[in-house]
Structures are given as C-alpha cells and as structure tokens.
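User: I'm new to protein structures and would like to learn how to read one. Could you walk me through it?

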Amino acid sequence: MSAHAPTHPTACLALADGTLFYGVGFGATGQTQAELCFNTAMTGYQEIMTDPSYAGQIVTFTFPHIGNTGITPEDDETADPVAAGMVVKWMPTDASNWRSAGTLSDWLAARGRIAMGGVDTRRLTRAIRQAGAPHVALAHNPDGVFDTEKLVAAARAFSGLEGLDLAKEVSCAQSYHWNEMRWAWPEGYKPQNDPKYKVVAVDYGAKRNILRCLASAGCDVTVLPASATTEEVLSHNPDGVFLSNGPGDPAATGVYAVPMIKGILDQTDLPVFGICLGHQMLALALGAQTVKMNHGHHGANHPVKDHETGKVEITSMNHGFAVDGQTLPKGVVETHTSLFDGSNCGIRMEGRPVYSVQHHPEASPGPQDSFYLFERFAEAMAARAV
C-alpha cells in the first residue's frame, strides 16, 4: 500500500513489506538501504546522526522540529554522520541558534547522507512498534522518478543487523590519546591537565562525549581499536579499562571482544566499566546472552531504575539488542532495569569493581542523573591504588 504522496515527491521510503512513503528529499541524493528505527528525543539530532551506534540504521525522528537549530561542529560525536539517513515530519526551517555554523541539509549533503521530510512519522513509528524495525530503502531524486519495485527489492535484500559486526567498521584504526573534558560555559572544551588515573578505552564506536566524561573524572585516556587484545590493553599499564558503546550484533562483536575481556578479568583486578555495546560485551564475557529487540530503545526520555538505591534516572538510550537478564550467571547482579519494558539496563560483578549499563550517562537527559557512574569508576581506581 502507499502513503499519501505530496504533489511533487522527491523522496521515497520503501519498506520490505512493500509499504511506500513519499516525501520531500533533502541532504544528499541517491539511495541507501538500512534498518529503520525511531528516536523520541526532542533535541540532539546532530549527536544522534554522528553516534557510531547508529551504523546500519536510518533514523525516524518523532519530534517534528528537526534541523531548526542548525549544525554546530562542537556537537559532533564523531567526525562524520554514521547513521545512514533520516526521516522527519517537517522540512527543516532556517536555523535559529547563536551557535549554528550551517544548515542540516547542507551538512548532510556534504557528507553523503540522505534525508526525507513531509512524512507521517506517527504512522511510520506505529508501524515500527507493531511489526518491529523493518529493512528499508530510502531514495532521494530531485526529478521525483522512482522505480518502486527495485526499491522494495533493495529493502528486502538488506542483510539486517543480526549476526553483523559493525564495531570494526566504526572503530579507530589506531590508538590515540584523549584529554578533552566536558563542555562548560564560557570556556567550552578544556583539556584535563591533572589526570589521576590511566584508562584504556576500547573503541567499539565510542562517542566523544563519553571520552570527555572520563577525562572530566580525572582520567588520562588511551583509546584502542575494537580488536585490541588483552596483551595490548595491559601493555599500557592502565588503572582501569573502559568498554565503549557501538553498533551491530553484540554476539558478532563478541567473537573477538569477549576473549579480551575475559583475559582482563582473569589476569587482573582492574576496575572495568562498560556502556551500551560495552555493557553487552561485558555481559557476554561473564556468561550471559543477548537478544534482538522488536524495535529497541532510542530516545532521551527512558526511565531506568537503579535497584541498589531505589532511584529512577531519566536516561538516553540507543540499542536494538539487549542483555537477557534471565541468563545472568551466579555472581553477576542485575543493577538497573528499564521501567518501560523491564529489560536489563545494568549489571555488576559481586565483590569486584566491574560493572556496566545499557543507557548513556554522558548524554545528560536527566540532565546529570547518571554521572555518578563515571565518578564510581574513578573511585574504584582510587581505592585500588591505596
């Protein structure tokens, strides 16, 4: 079936089940295939598009005012957009923001990312919720000519994210040092000139703001590629090990990541902290399992309960796979769960400073509900040094 088409459509979104959505294209022209998800955040579209965890996905934004604050290079979570494309309800208007350095459409076009406006995103989101995240093809053609049969075929040919290791594709190619701290008025980003702890961060698709939070917690951060071995991590003589966020199927990334993490846990008593994919990697290393979710969690309004304090944190999330809390082995405690669906959002090892969370404490939707996790990591490294 076909959604109501504008008079002059210049973009078409084809779902693998044959459903077509027409709209107005912006950003780059061309065609791309990916999994389609929706994000409920009201702000942060630039951070979302540059979050490496969105590799292999097109993002539908449920909030209609996307692009209205323009683009600011300081807000990029990595060098270029990683999400394959975006779908929005209303076309971006002229940017109104004193920090804006450009428009969303120009920014996407320069970086080869396709976008589409004029879409009934409520209907599209409902379809995702009911049938699960679909495989889609998104095309932008200023002439408005589309071979819809080929678009549907391209959507059906997309391999999907299950069994797909994307961490190596978005990870750094070689190690590097990070000392930039969180943004603060009026200086902006300042360097950490007095670090207390040496941390190795394993990059499965790390967001810059996570690294900034580590630096702000007093860490001197060395970032290693996703494929780093136990020996490579320990060669830096770290006080702690951080496991970053990232995209794809955790079981596929775990083929090489789990042996490294097991080596760290077996050979040392180092504090270990993981976020998002890093949380899933730690869970797999400890003997748990992960599962593909129907439509995942993507937004900045997700309530998560900390079962050890009783507090509820408002968090940012971005994941299509989850740790199966029913598979946690003895000695591993479930610390956080989602109040939306009860899914696992955090674990820790009993008696050791090893823990992880599914949500993103650095994204500040609460705005600082979860910053204590970075402080806990620093405290664990300080206690070990005594």
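Analyst: We'll take this structure feature by feature, starting with the whole chain. Keep in mind that this is a predicted model.

User: Okay, what should I look at to begin with? How many helices and strands are in the chain?

Analyst: The chain has 10 helices and 17 strands. Its radius of gyration is 21 Å, close to the 21 Å that the globule rule gives for 386 residues, so the chain is as compact as a globular protein of that length. If you look along the principal axes, the C-alpha trace spans about 70 × 45 × 40 Å.

User: And what percentage of the residues count as buried?

Analyst: For this, "buried" means under 20% relative accessible area. By that cut-off, 56% of the 386 residues count as buried. There's also a sequence side to the fold: among contacts with a separation of 6 or more, 74% are between residues 24 or more positions apart. As for the outside, the accessible surface is about 15,900 Å², and 49% of that belongs to carbon and sulfur atoms.

User: Now the empty spaces. How do I find those?

Analyst: Rolling a probe the size of a water molecule over the atoms shows where empty space is left. Here, the largest pocket has a volume of about 1,100 Å³. It's lined by 44 residues, and T43, G44, E47, D75 and A363 lie nearest its centre. The elements that give two or more residues to that lining are α1, α6, β13 and β14.

User: Which element gives the most to the lining of the largest pocket?

Analyst: That's α1, with four residues. Sorted by class, the pocket's lining has 14 nonpolar, 20 polar and 10 charged residues.

User: How many cavities of 30 Å³ or more does the search find?

Analyst: Two. The largest cavity has a volume of about 120 Å³. Its lining has 15 residues, with S53, G246, G248, H319 and G320 nearest the centre. β14 gives the most to this lining, with four residues. By class, the lining divides into six nonpolar, nine polar and no charged residues.

User: What about the second largest cavity: how much space lies in it?

Analyst: About 40 Å³. The residues that line it include I314, T315, H360, P361 and S364. In this lining there are five nonpolar, six polar and one charged residues.

User: Let's zoom in on single residues. Is S316 buried or exposed?

Analyst: S316 counts as buried, because its relative accessibility is 14% and the cut-off for buried is under 20%. S316 lies in strand β14. Setting aside neighbours within four places in sequence, its contacts are G299, A300, H359, H360, A363 and P365.

User: Where is P303 placed, and what is it in contact with?

Analyst: P303 sits in strand β13 and is buried, with a relative accessible area of 13%. Its contacts, again without neighbours within four places in sequence, include V312, E313, I314 and F340. For a feel of the folding, take P303 and G366: they are 63 residues apart in sequence and 9.5 Å apart in space, C-alpha to C-alpha.

User: How do I read a whole helix, say α6?

Analyst: The general idea is that an α-helix has 3.6 residues a turn, so residues three or four places apart point the same way. In α6, seven of the nine residues are buried, so this helix is largely enclosed by the rest of the structure. The buried ones are N209, I210, L211, R212, C213, L214 and A215. They pack against β8, β9, β10, β11, β12 and α10. Just after α6, G218 takes a positive phi of about 95°.

User: What should I look for in the backbone?

Analyst: Most residues other than glycine have a negative phi, and most peptide bonds are trans. Now look for the exceptions. A cis peptide bond joins W185 and P186, with omega about 0°, and P186 is in the loop between β8 and β9. C276 isn't a glycine, yet it has a positive phi of about 60°.

User: Where is C276 placed?

Analyst: In the loop between β12 and α9. C276 is buried, with a relative accessible area of 2%. S364 also has a positive phi, near 60°, and is a residue other than glycine. S364 lies in the loop between β17 and α10 and is partly exposed, with a relative accessible area of 27%.

Methods
Residues numbered from 1 in each chain as written. Predicted model: local features only at pLDDT ≥ 70, side-chain atom pairs only at ≥ 80, totals over all residues. Heavy atoms only, no water. 1 Å grid on protein atoms, 1.4 Å probe; cavity = no way out; pocket = protein on both sides within 12 Å on 5 of 7 lines; lining within 4 Å. Points joined across faces, edges and corners; volume = space filled by probe spheres on them. Nonpolar A, V, L, I, M, F, W, Y, C, P; charged D, E, K, R; others polar. Buried < 20%, exposed > 50% of the residue type's maximum accessible area, 1.4 Å probe, protein only. Contact = heavy atoms within 4.5 Å. Rg over C-alpha atoms; globule rule 2.2 N^0.38 Å. Areas by Shrake-Rupley, 256 points an atom, 1.4 Å probe, with all protein chains shown as cover.
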